[in-house]
Amino acid sequence: MQTFLELFTAAELTIPVMLLRIFLSAVAGFILGFERKIHLQNAGLRTHILICLASTLMMLASIYVPHVYAAGRGDPSRIAAQIVSGIGFLGAGAILHQGLNISGLNSAATVWITAGIGIAIGCGMLVAAFICVVLCVFIMFSLEAFEAKYFPAGRQKHLVLIFANDALDFSALRSLIESYGLIIMNVDFSRDMTETRFRLIYTVKAPDNLDIISLTNNLQKIGSIEKIKMTD
């Protein structure tokens with residue numbers, strides 16, 4: 001009877017070894033999926049658990065079949081290569097284009113690393129697999145706070161301002177917009193020559209904590225503004 005430590009290091013695929021790897025695969029998928037779920041992403045617990053389990057099962061099969069049925073002549077890396085190729089379809093499905101922004105890149109990356117962790121668990125690289133799990137969770141949680149602090153303007157938006165006339169201090173307007181953490185990427189200007197009003201469209205990167213009410217009130221002090229609209 002194998003000891004518990006031997007189950008972690010065994011090269012031979014006995015039933016207890018396979019059961020342990022499948023269990024650890026579910027645990028790894030749960031940990032990574034939990035992080036995505038608390039961030040309200042579609043690729044959550046079940047998705048990551050199933051991906052990790054599937055990768056582990058296929059890797060176990062790729063090792064087991066040549067050993068049992070082909071007298072060691074098979075190539076266990078062939079199925080792993082197909083997993084790496086096939087997981088790209090799931091990753092691509094997690095990426096969404098919403099207006100000016102692209103979302104789902106982190107979910108696609110976790111889908112990719114979950115498959116890799118499943119493969120590693122399946123072929124017995126348990127220590128390396130769980131080092132990756134710990135590093136992934138650390139990166140996803142700690143760097144989120146770091147990015148929010150040092151790179152707060154994350155989402156790209158259109159800020160549309162319509163003024164009744166051109167009696168406007170453009171320098172003051174730009175300073176006001178930037179004072180709210182908005183990063184101006186581009187400015188489009190249009191004016192109907194038969195009317196006095198004109199339109200400014202700023203393409204900006206906006207922080208999640210933007211105080212839009214305060215910005216609106218202060219824009220009214222800059223000039224005779226008729227309409228304010230912010231869209232993705």
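Aromatic rings of Phe, Tyr and Trp are taken to pair if their centres lie within 6.5 Å. The legends below describe a predicted model.

**Figure 1. Aromatic cluster of Phe163, Phe170, Phe189 and Phe198.** These four phenylalanines form one aromatic cluster. A search of the whole structure finds four aromatic pairs. One member of the cluster, Phe170, lies in helix H7 (residues 170-179), and another, Phe198, lies in strand E5 (residues 198-207). Phe170 is partly exposed because its relative accessibility is 41%, whereas Phe198, at 2% relative accessibility, counts as buried. The rings of Phe170 and Phe198 form a tilted pair, with 6.2 Å from centre to centre and 45 degrees between the planes. With their positions 28 residues apart, this pair links distant parts of the chain.

**Figure 2. The stacked pair Phe30 and Phe34 in helix H2.** The rings of Phe30 and Phe34 are stacked, at 6.0 Å centre to centre and with 25 degrees between the planes. Because the two residues are four positions apart in helix H2, about one helical turn separates them. Phe30 has a relative accessible area of 39% and is therefore partly exposed. Phe34 is likewise partly exposed, at 41%.

**Figure 3. Helix H2 (residues 15-38) and its buried residues.** Helix H2 comprises 24 residues, so at 1.5 Å a residue a span of 34 Å is expected; its end C-alpha atoms lie 35 Å apart, in agreement with that value. The buried residues of H2 include the nonpolar Val17, Leu20, Leu24, Ala28 and Leu32. Arg21, Glu35 and Arg36 are also among the buried residues of this helix, as are Ser25, Gly29 and Gly33.

**Figure 4. A nonpolar surface patch that includes Phe146.** Val127, Ile131, Leu135, Phe138, Ile139, Leu143 and Phe146 form this patch, which together has about 690 Å² of accessible area. Phe146 belongs to helix H6 (residues 126-150). The relative accessibility of Phe146 is 41%, so this residue counts as partly exposed.

**Figure 5. The protein chain as context for the close-up views.** The chain contains eight helices and six strands, which run from the N terminus in the order α-α-α-α-β-β-α-α-β-α-β-β-α-β. Of its 232 residues, 34% count as buried. The accessible surface of the chain comes to about 13700 Å², and carbon and sulfur atoms contribute 64% of that area. Among contacts with a separation of 6 or more, 67% join residues 24 or more positions apart.

Methods. Residues numbered from 1 in each chain as written. Predicted model: local features only at pLDDT ≥ 70, side-chain atom pairs only at ≥ 80, totals over all residues. Heavy atoms only, no water. Patch = residues over 30% accessible without salt bridge, like charges linked within 9 Å, V, L, I, M, F, W, Y side chains within 5 Å. Areas by Shrake-Rupley, 256 points an atom, 1.4 Å probe, with all protein chains shown as cover. Salt bridge = Lys/Arg side-chain N within 4 Å of Asp/Glu carboxyl O. Buried < 20%, exposed > 50% of the residue type's maximum accessible area, 1.4 Å probe, protein only. Expected span 1.5 Å × (residues − 1). Phe/Tyr/Trp six-rings, centres within 6.5 Å; stacked < 30°, edge-to-face > 60°. Contact = heavy atoms within 4.5 Å.
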